[in-house]
Amino acid sequence: QVQLVESGGGLVQAGGSLRLSCAASGSIFSINAMGWYRQAPGKQRELVAASTSGGSTNYADSVKGRFTISRDNAKKTVYLQMDSLKPEDTGVYYCNADLLTTKGPVYDYWGQGTQVTVSS
């Protein structure tokens, strides 16, 4: 069974840092395109950062210069380093990926989410 499992969320004061991880497990050859999304209470889910299989990255304007997406292909894990956190970064963070599995490609696969709370 294929799974994406996020971890690393928690409560942090404004100005602090957190590092989120998204680990793929199961019959997976690789993570291809991958994105981190977040959903704040009462708001729509939004893209925070994305990484293509070729290594290109892009970020929401609100997090540019503060967040960094990276990946460890050998560990089938993608990371989101979040620095200089602000209260408005609070939300549930989800990873979403296109995967290459032993049964073929799987697109738009979601993890269960991890809560990030930034206090002022």
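Ser-84 counts as partly exposed, at 40% relative accessibility. In this predicted model, Ser-84 sits in the loop between strand 8 and strand 9. Its backbone is a bit unusual to look at: Ser-84 has a positive phi of about 50 degrees, although it is not a glycine.

Lys-76 makes a good companion to Ser-84. Lys-76 is not a glycine either, and has a positive phi of about 55 degrees. You'll find Lys-76 in the loop between strand 7 and strand 8. Those two strands form a hairpin with four residues between them. Is Lys-76 buried or exposed? Neither label fits, because the relative accessible area of Lys-76 is 25%, while buried means under 20% and exposed means over 50%. Lys-76 therefore lands in the partly exposed class.

Here are the loop residues side by side, with two more added.

| Residue | Loop between | Relative accessible area | Class |
|---|---|---|---|
| Lys-76 | strand 7 and strand 8 | 25% | partly exposed |
| Ser-84 | strand 8 and strand 9 | 40% | partly exposed |
| Gly-55 | strand 5 and strand 6 | 52% | exposed |
| Lys-43 | strand 4 and strand 5 | 58% | exposed |

Now for the strand that runs between the loops of Lys-76 and Ser-84. Strand 8 covers residues 77–82 and is mostly covered, with five of its six residues buried. On one side of the pairing list is strand 3 (residues 18–25), which runs antiparallel to strand 8 and is joined to it by six bridges. Within strand 8, Met-82 is the residue opposite Leu-18. The other antiparallel partner to mention is strand 7 (residues 67–72), again with six bridges to strand 8. Here Arg-71 has Val-78 of strand 8 as its bridge partner.

Strand 8 also feeds into the largest nonpolar core. Which of the 27 residues in that core touch the most other members? They are Met-34, Trp-36, Phe-67, Leu-80, Met-82 and Tyr-93. Strand 8 is one of the elements that give two or more residues to the core, along with strands 3, 4 (28–39), 5 (46–51), 7, 9 (91–101) and 11 (114–119).

Tyr-93 is worth clicking on if you want to see how the core is put together. Leaving aside neighbours within four places in sequence, Tyr-93 is in contact with a list of residues that includes Trp-36, Phe-67, Leu-80 and Met-82. Those four are also among the core residues that touch the most other members. The contacts of Tyr-93 include Glu-6, Leu-20, Val-48 and Val-116 as well.

Away from the core, the largest pocket holds about 160 Å³ of space. What kinds of residues make up the lining of the largest pocket? Seven are charged, three are polar and one is nonpolar. Among the lining residues are Arg-38, Glu-46, Arg-66, Lys-86, Glu-88 and Asp-89, plus Gln-39, Gln-44 and Ser-62. Lys-43 is in the lining too, and this is the exposed lysine from the table, at 58%.

Two distances round out the picture of the exposed loop residues. Lys-43 and Gly-91 are 48 residues apart along the chain, and their C-alpha atoms are separated by 9.4 Å. For Gly-55 and Leu-99, the gap is 44 residues in sequence and 15 Å in space, C-alpha to C-alpha.

Note on methods: Residues are numbered from 1 along each chain as its sequence is written. This is a predicted model: local features need pLDDT of at least 70, side-chain atom pairs count only at pLDDT 80 or more; totals for chains, interfaces and linings use all residues. Side-chain values use heavy atoms; hydrogens and water are left out. Buried means under 20% relative accessible area, exposed over 50%, partly exposed in between (1.4 Å probe, protein chains only). Two strands pair if DSSP finds at least two bridges between them. On a 1 Å grid over the protein atoms alone, a cavity is a set of points where a 1.4 Å probe fits but cannot get out, and a pocket is an open set with protein on both sides within 12 Å along at least five of seven lines; lining residues have an atom within 4 Å of a point. Grid points are joined across faces, edges and corners, and a volume is the space filled by probe spheres set on the points. Ala, Val, Leu, Ile, Met, Phe, Trp, Tyr, Cys and Pro count as nonpolar, Asp, Glu, Lys and Arg as charged, and the others, Gly among them, as polar. A nonpolar core is a set of buried Ala, Val, Leu, Ile, Met, Phe, Trp, Tyr and Cys residues joined through side-chain atoms within 4.5 Å. Contact means heavy atoms within 4.5 Å.
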